[in-house]
Amino acid sequence: MKTSWRSASLVASAAAVLALTTACGQEAAPSASSQNVGATAAAGDYGNAGSGIGSGYGNAGASPSAAASAPQASSAGKLAVVTNPELGKVLTDSAGLTLYRFDTDTAEPPKSSCDGDCATTWPPVPADDATAGEGIDKALLGEVTRTDGSKQLTIGGWPAYRYVKDVNAGDVNGQGVGGKWYALAPTGKKASLSSLPGLSTREDPNLGEIVVDKNGMTVYRFIKDVAWPDPISKCTGACLEKWPAVGPVEANDTKGVQKKGLMSFTRPDGVKQQTVNCWPIYTFSGDKEPGDTNGQGVGGTWYAVAPDGKPVGAKK
């Protein structure tokens with residue numbers, strides 16, 4: 001009985017490994033009726049190249065009542081520097097809440113363009129009692145007068161905000177929202193994304209969980225491509241100038257992305273391209289900053305990629 005049990009166990013283990021490493025050519029194509037994981041928008045909702053997403057200030061559905069319930073400190077207090085595993089050094093207030101900057105603002109001269117509902121979702125950080133903690137140059141701390149006459153803290157000239165959906169110390173839920181909001185580094189610059197894995201995922205306020213490359217740039221799929229029996233890219237020539245192919249990524253250099261069907265293939269031009277669930281993946285030249293999703297829905301054929309390789313928001 002011991003021998004039989006051991007044999008059965010070995011067979012089951014081998015089958016599990018085989019299922020994980022099955023080549024694309026041995027995989028059955030998914031049903032056309034399968035639901036897109038993370039899909040929250042119909043095709044075309046965000047499809048105009050360069051149009052960006054969200055409402056401009058990225059309220060991500062937050063309501064005034066949600067804003068009121070978030071533990072936002074009334075003052076900044078002693079600022080601190082924390083190390084985020086994905087963003088590097090990030091600036092926080094005395095309560096440990098992440099501070100953000102808004103791309104629509106200016107630093108020279110300092111000016112805030114976030115008022116009304118925007119300021120409800122992104123509460124401005126008061127300048128009155130802010131002090132520089134360890135690792136922060138106090139010369140970079142300043143203030144700007146808002147339209148209501150209040151004084152807002154600036155870092156390196158950039159007005160500082162909190163995010164209503166950050167409820168715990170260390171939360172960075174505002175990172176990349178609307179392609180315009182980014183965590184502040186101690187210098188006032190955007191927190192670095194250089195430590196990201198080759199492929200990982202982030203939570204987009206409109207699209208849900210989507211795949212990003214090592215630079216934090218959104219990864220896309222082309223509906224005209226083929227995954228089975230072998231990956232085939234239909235994006236060639238001028239298409240590749242707008243939609244650069246993502247290069248090979250080792251499986252152990254990924255986080256949150258489905259491992260099954262995670263492989264690279266050689267294009268006809270000899271260049272190797274990465275796939276997720278056997279589907280070729282790309283970035284978009286129209287995305288200028290991490291968090292941009294300007295390629296979503298373009299031409300009704302390009303869509304952000306869910307962790308299982310499915311196109312987010314594509315018609316079934």
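How many helices and how many strands are there in the chain? The chain has 4 helices and 16 strands, where helices (H or I, at least four residues) and strands (E, at least two) are DSSP runs numbered from the N terminus. This is a predicted model, in which local features need pLDDT of at least 70 and side-chain atom pairs count only at pLDDT 80 or more, while totals for chains, interfaces and linings use all residues. Residues are numbered from 1 along each chain as its sequence is written, and side-chain values use heavy atoms, with hydrogens and water left out.

Of the 316 residues of the chain, 46% count as buried, that is, under 20% relative accessible area with a 1.4 Å probe and protein chains only. Among contacts (heavy atoms within 4.5 Å) with a separation of 6 or more, 70% come from residues 24 or more positions apart.

The largest nonpolar core, a set of buried Ala, Val, Leu, Ile, Met, Phe, Trp, Tyr and Cys residues joined through side-chain atoms within 4.5 Å, has 15 residues, and those with the most contacts inside it include Y100, W122 and W181. Two or more residues of this core come from each of the elements tabulated here.

| Element | Residues |
|---|---|
| strand 3 | 100-102 |
| helix 3 | 117-121 |
| strand 9 | 181-183 |

Apart from this core lies another, of 13 residues, among them A76, V125, A130 and A160.

An open sheet of 3 strands follows the order 13-14-15 with antiparallel pairing, where two strands pair if DSSP finds at least two bridges between them. Strand 13 (263-266) and strand 15 (279-280) are the edge strands, each pairing on one side only. Strand 13 is joined to strand 14 (residues 272-276) by 4 bridges, and S264 stands opposite Q274 in strand 14.

Technical notes: Buried < 20%, exposed > 50% of the residue type's maximum accessible area, 1.4 Å probe, protein only.
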